[in-house]
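Please open the structure in your viewer, with side chains available for display, and follow the stops below in order.

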Amino acid sequence: MAPGKHYRKGISLVQLMDLFPTDEVAERWFMDVRWPGGVRCPKCGSHNIQERPTRKPQPYRCRDCRKDFSLKTGTLMQGSPLGYRVWVLALFLYSTNLKSVSSMKLHRDLDVTQKTAWHLAHRIRETWNDNIPLFAGPVEVDETFMGGKRLKYRDLIAD
């Protein structure tokens, strides 16, 4: 069996659902990924944070810059009412498909409206966009001829 053709390393959808059985578990995973050293202010980077669990959807307050924020602030999930588990599933579907995922498939698989699925897909694609302009660095071209005699149309027509 050729490597990479018949077997790919990774987890299955069933394993993913076992890893993230609830929205709270998915939220904890996002927190560990985003803030491995503890919660930080997305605006000023301070660790001087006051946690206010009763103040949803902005349960954190920076004591230095006095800004309220949440785990979703400053990420592709900002302003989204979708749960963290839906975001985990959408990111999994996007990262494991060879081509892409249509908004109709997300709509069916995630049990959200098609409009929500379209916005979700657009945010994921925009986040993964490298924003690197084409030919940003040196360009090497082989076997190119520039210059020479300028031909007119009538010279190109064979008699």
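Select Asp23 and display what surrounds it: leaving aside residues up to four places away in sequence, Asp23 touches Gly83, Tyr84 and Arg85. Asp23 sits in helix α2, and its relative accessible area of 30% makes it partly exposed. The C-alpha atoms of Asp23 and Gly83 are 6.3 Å apart in space, although 60 residues separate the two in sequence. This is a predicted model, and the values at each stop are to be read with that in mind.

Keep Asp23 on display and widen the selection to the two helices α2 and α3. Which residues of α2 and α3 meet? From α2 these are Asp23, Ala26, Glu27, Trp29 and Phe30, and from α3 they are Tyr84, Arg85, Trp87, Val88 and Leu91. The two axes come within 7 Å and cross at roughly 65°, which makes α2 roughly perpendicular to α3. Coloured by class, the contact of α2 with α3 shows seven nonpolar and three charged residues, with no polar ones.

Next, hide α2, keep α3 and bring in α4. The axes of α3 and α4 come within 11 Å and cross at roughly 135°, so the two helices are oblique to each other. Their crossing is right-handed, and the contact is formed by Val86, Leu89, Ala90, Leu93 and Tyr94 on the α3 side and by Leu106, Asp109 and Leu110 on the α4 side. In this contact of α3 with α4 there are seven nonpolar residues, no polar ones and one charged residue.

Now drop α3 and add α5, keeping α4 in view. The axes of α4 and α5 come within 8 Å and cross at roughly 115°, and α4 passes α5 in a right-handed crossing. To see the contact, select Ser103, Met104, Leu106, His107 and Leu110 in α4, together with Gln114, Ala117, Trp118, Leu120 and Ala121 in α5. The contact of α4 with α5 comprises seven nonpolar and three polar residues, and no charged ones.

Between these two helices, stop at Asp111, which lies in the loop between α4 and α5. Is Asp111 buried or exposed? With a relative accessibility of 71%, Asp111 counts as exposed. Its backbone deserves a look as well, since Asp111 is not a glycine and yet has a positive phi of about 60°. For reference, most residues other than glycine have a negative phi, and most peptide bonds are trans.

Move then to Arg66, in the loop between β2 and β3 (68-69). Arg66, again not a glycine, has a positive phi of about 60°, and its relative accessible area of 59% places it among exposed residues.

From there, go to the loop between β1 (49-51) and β2, where Pro57 is located. Which form does the peptide bond from Lys56 to Pro57 take, cis or trans? The bond is cis, with omega near 5°.

Select Phe69 next and show its neighbours. Not counting residues up to four places away in sequence, Phe69 touches Trp35, Val39, Arg40, Cys41, Pro42 and Ile49, as well as Gln58, Pro59, Tyr60, Arg61 and Cys62.

Phe69 also leads into the interior, being one of the residues with the most contacts inside the largest nonpolar core, alongside Phe30, Leu106, Leu110 and Leu120. This core has 33 residues, and the elements that give two or more residues to it are α2 (23-34), β2 (60-62), α3 (84-96), α4 (103-110) and α5 (114-128). Which element gives the most? That is α3, with 10 residues.

For the last stop, zoom out to the whole protein chain and colour it by secondary structure. The chain contains six helices and three strands, and from the N terminus on its elements run α-α-β-β-β-α-α-α-α. Of its 159 residues, 26% count as buried. Among the contacts with a separation of 6 or more, 44% are between residues 24 or more positions apart; the pair with which the tour began, Asp23 and Gly83, lies 60 residues apart in sequence.

Notes:
Residues numbered from 1 in each chain as written. Predicted model: local features only at pLDDT ≥ 70, side-chain atom pairs only at ≥ 80, totals over all residues. Heavy atoms only, no water. Core = buried A, V, L, I, M, F, W, Y, C linked by side-chain atoms within 4.5 Å. Buried < 20%, exposed > 50% of the residue type's maximum accessible area, 1.4 Å probe, protein only. Helix = DSSP H or I, 4+ residues; strand = E, 2+ residues; numbered from the N terminus. Contact = heavy atoms within 4.5 Å. Axes fitted to C-alpha atoms, helices over the stretch in contact; angles between N-to-C directions. Parallel < 35°, antiparallel > 145°, perpendicular 65-115°, else oblique. Left-handed = near helix turned anticlockwise from the far one by under 90°. Nonpolar A, V, L, I, M, F, W, Y, C, P; charged D, E, K, R; others polar.
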